[in-house]
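Trainee: Could you walk me through one part of this protein up close? I'd like to see how you read a structure, starting from the whole thing and then zooming in.

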Amino acid sequence: MPLSKEQSASTAATAPLVQRRPQRSTVRHGQASCADYGCTRTECRQAALRARHQRKQDRLRGLPARIPPYAAARRAVRLREHGMSAQDIADRAGLSVTLVRRLLRVPEQGQVARDIARTTADAVLGIPVPARREPSAPGLTGSAEASRLLADLARAGWPAAALALRLSVNARTVAEVREKRPRLHLDLALRIRRLHRELIGIDPVSQGIRPADAARVRAAAARHAAGA
């Protein structure tokens, strides 16, 4: 039975506002903005609920919902200078990589910049700055050596997640450098070189890696080598 005009208006008023997902959106499942685009997966809806709850708590405490972006932008730039990519920052903060890239382009304080959500600023400011062991190593370099060293560690049974933890990056970054990323920060390349020296002679199982995980990584590395 079709709804009356009054029922349709009531339904429209109570239904959540669904934004149109941009064609080149990089928002992933598990992020609050994914639910804003109409996703009904549990992790996306829960992330949106947490974000709304946080905004409500901020209002009750008298905190503005949106604040100047400068502090978060400075932290994002500092994280990038310490070897984290925009994708690494987005993954750690639970934000879209597009939003992080926009933060990285924020002008210096004193120039006009749009305010950002307080929850966004808090997420970025909450990411600890990785220890920079090679402050004199800026710039980018080719990934050939780093890719080979990471593949060597995979053949030894070291999972990407365990290596990422030691490198202070995301596991996806390790996989990209190992498989397809053509260039990477020189600082990260040097950390990978040191990590290879430290771990290549150590059985990952002795360092807390589950035997099944080590075996799975070795098998995947063997298949990749056979197909190369």
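Mentor: Let's start with the overall picture, then go to the nonpolar core and a loop beside it, and finish with one helix. Keep in mind that this is a predicted model. The protein chain has 12 helices and 4 strands, and 38% of its 228 residues count as buried. Look at the contacts between residues with a separation of 6 or more: 69% of them join residues 24 or more positions apart. On the outside, the chain exposes about 13900 Å², with carbon and sulfur atoms supplying 52% of that.

Now for the inside. The largest nonpolar core has 22 residues, and Trp 158, Leu 163, Leu 167, Val 174, Leu 184 and Ile 192 are the ones with the most contacts inside it. Four helices each give two or more residues to this core: H8 (144-155), H9 (160-167), H10 (171-179) and H11 (186-199). Try clicking on Ile 192. Once you leave aside its neighbours within four places in sequence, Ile 192 is in contact with Ala 146, Leu 149, Leu 150, Leu 167, Val 177 and Leu 184. There's also a second, separate core of 20 residues, which includes Ile 89, Leu 95, Val 100 and Val 124.

Next, find the loop between H9 and H10, where Asn 170 sits. Is Asn 170 buried or exposed? The cut-off for buried is under 20% relative accessible area, so Asn 170, at 19%, counts as buried. Its side chain reaches the backbone nitrogen of Arg 172 at 2.7 Å. Leaving aside neighbours within four places in sequence, Asn 170 is also in contact with Asp 88, Asp 91 and Ala 164.

Last stop: helix H3, residues 42-60. H3 has 19 residues and reaches 27 Å from its first C-alpha to its last, close to the 27 Å expected at 1.5 Å a residue. Its buried residues are Cys 44, Ala 47, Ala 48, Ala 51 and Asp 58. They cover an arc of only 100° around the axis, so they lie on the same side of H3. Turn the helix around and, on the face away from that buried side, you'll find the exposed residues Leu 49, Arg 50 and Leu 60. Just after H3 comes Gly 62, which takes a positive phi of about 80°.

Technical notes
Residues are numbered from 1 along each chain as its sequence is written. This is a predicted model: local features need pLDDT of at least 70, side-chain atom pairs count only at pLDDT 80 or more; totals for chains, interfaces and linings use all residues. Side-chain values use heavy atoms; hydrogens and water are left out. Buried means under 20% relative accessible area, exposed over 50%, partly exposed in between (1.4 Å probe, protein chains only). Contact means heavy atoms within 4.5 Å. Accessible areas come from the Shrake-Rupley method with a 1.4 Å probe; for residues, only the protein chains shown count as cover. A nonpolar core is a set of buried Ala, Val, Leu, Ile, Met, Phe, Trp, Tyr and Cys residues joined through side-chain atoms within 4.5 Å. A polar contact is a pair of N or O atoms within 3.5 Å; within protein, one must be able to donate a hydrogen and the other to accept it, and residues adjacent in sequence count only if both atoms are side-chain atoms. The expected span of a helix is 1.5 Å times one less than its number of residues. The arc is that of the directions from the helix axis to the C-beta atoms.
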